[in-house]
Amino acid sequence: MPDASTAPTVRVLDVACGVRPMTLRLPFKFGAATLTRCPQLFLRAVVDCGAHGTTTGWAAEMMVPRWFDKRSGPSLAGNVRDLQLAVAAAADAYTHSAAQPAFGLFERHYPELMAEGTFRDSTELSTAFGQAVLDRAVLDALCRATRSSVYGAIQRNLVGLTDTAIAADMADWDWNNWLAALIPSTTLHARHTIGMLDALTDERDADPTALPVGLPAVVRRYGHRYFKIKLGGDVAADLARLDAVLTTLDSEQPGHCFTLDGNEQYADTDALAALCEGLRTLPRLAARPDALLYIEQPLARDASLEADLASLDSPAPLLLDEADGSLAAFPSGRSAGWRGVSSKGCKGLYKSIINRARCDKWNARAPDGPRYFMSAEDLTCQAGLSVQQDLALAALLGLTHCERNGHHYVDGFGDAPEQEQIAFAVAHMGLYQAASGRARLAIRDGRIAIQSLARTGFASSAVPDFDSLRPLADAPLLV
């Protein structure tokens, strides 16, 4: 039986960071923002794992402006600078911390780092980013040192997850038994993102090997059955766009399922109520109401946890994403009427695990009440460490489909050196396919083959070419 009290201790000896500019092949419009280029962070941590020795762990994540912070004041560069400062603050805290279990390291520094971010006037999501990436690198090192996969390490509670004041509502939860009972998914459906600028008709390219652009070509190439459709906050425009999208999907992939993402664009509950009314009367949705799985974050994050959604006649449950800024957010959202919460590597792996456990606890205690659930969402996760660790986290939590968009908006590994692409493609042959000199995420019949992520490490096996990266200080220059 696993026991948190016997978890190995870790001590972070050194943290090194670098960034790589990523240029999108297609503009990605989400909410009021349009992304065309963005830095990707790579983090390397040298970790003393006590009796298991010292090893190096890795993680990577996109530093997307206008998602972590959608306030009108800060610039794009300012958004990225906040993420840079969060990473630096977390690295400083961890490298000056005593040896303790991996979760204890997160638990010890979470309150002070969140308070420091508030002092800097950073958003909760921006502040949490530093620990979210660093914790993944620490876990990767721990898995490597103990010769465990991420699934085995969490099932055996090698991170030492236990009762904690930072999630006091879970004080009576049996973490050891719950973690041991997790059954990771062996395959995941890729839920394709349909951005607000994405073409809904075929876009022909003279090169037959080129990546698809128009939605019909995307469906034919990848075989998607699950989709995520972006909304813009204008009811009439959103319903017209949705009708056009569903017309295409009904033709190309009958029987599909989809989610809607409002990206905080609906001004208040009245506007959201108008959307819900329009959705209920939309003929294509009325014909297949169960096709809509949930509506993601239509309200602004600051208003989400205080909204009264009990009387909202929504055609699908509401899911928190951007409003899930702290460990206290999901319980508060539950009281307001939210039923779901997203898992994203950029928000923190321990937050995902704790929120997944909350769903099981609430559902077990009120079997006839509302059902609480978790989804897997993307932040343009890129080929390599970022998408691998995010997929492994979703699989660990038993999710069956996850939003994927990084492979569509960026071509493969972008400007990563050829040898780095080859290393990842060889280490994860089912996950990637090579064509025209590039390694790209492989999606067949709508599914992603994730068997290679169960090897030693946190879904890593290959590592980035660190010498090819630019300094972290350059990150604000790359937007």
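Just after helix α6, Gly223 takes a positive phi of about 70 degrees. This is a predicted model, and that glycine is a good place to start walking through it. Step back from Gly223 into the helix itself: α6 covers residues 215-222 and is mostly covered, with six of its eight residues buried. Those six are Leu215, Pro216, Ala217, Val218, Val219 and Tyr222.

What do the buried residues of α6 pack against? Their neighbours are two strands, β4 (187-194) and β5 (226-230), together with two helices, α7 (235-252) and α14 (406-409). If you colour these four elements in your viewer, you can see the surroundings of α6 from every side you like.

Now travel along the chain to a hairpin. Strand β12, residues 432-435, runs antiparallel to strand β13, residues 438-441, and four bridges join them. One of the pairings to look for is Gln433, whose bridge partner in β13 is Arg440. Two residues lie between the strands of this hairpin. In that turn sits Ser436, with a positive phi of about 55 degrees. So you have now met two residues with a positive phi because the path led past both Gly223, just after α6, and Ser436, in the turn between β12 and β13.Next come the cysteines. How many disulfides are there? The count comes to zero. Take Cys38, which is in no disulfide: the nearest cysteine sulfur belongs to Cys346 and is 11 Å away. Cys38 is also buried, with a relative accessible area of 0%. Cys402 tells a similar story. Its closest cysteine sulfur is in Cys381, and because the two sulfurs are 9.0 Å apart, they are too far for a bond; a disulfide needs them within 2.5 Å. Cys402 is buried as well, with a relative accessible area of 1%.

Finally, let us visit the largest pocket, which holds about 400 Å³ of space. Its lining is made up of 20 residues. To find the middle, look for Thr123, Glu124, Arg301, Asp302 and Glu322, which lie nearest the centre of the pocket. Which helices each supply at least two residues of this lining? They are α2 (102-119), α3 (124-145) and α10 (301-304). Of the contributors, α3 gives the most, with three residues. As for chemical character, the lining divides into 10 charged residues, five polar and five nonpolar.

Note on methods
Residues numbered from 1 in each chain as written. Predicted model: local features only at pLDDT ≥ 70, side-chain atom pairs only at ≥ 80, totals over all residues. Heavy atoms only, no water. 1 Å grid on protein atoms, 1.4 Å probe; cavity = no way out; pocket = protein on both sides within 12 Å on 5 of 7 lines; lining within 4 Å. Points joined across faces, edges and corners; volume = space filled by probe spheres on them. Nonpolar A, V, L, I, M, F, W, Y, C, P; charged D, E, K, R; others polar. Buried < 20%, exposed > 50% of the residue type's maximum accessible area, 1.4 Å probe, protein only. Pairing = 2+ DSSP bridges. Contact = heavy atoms within 4.5 Å.
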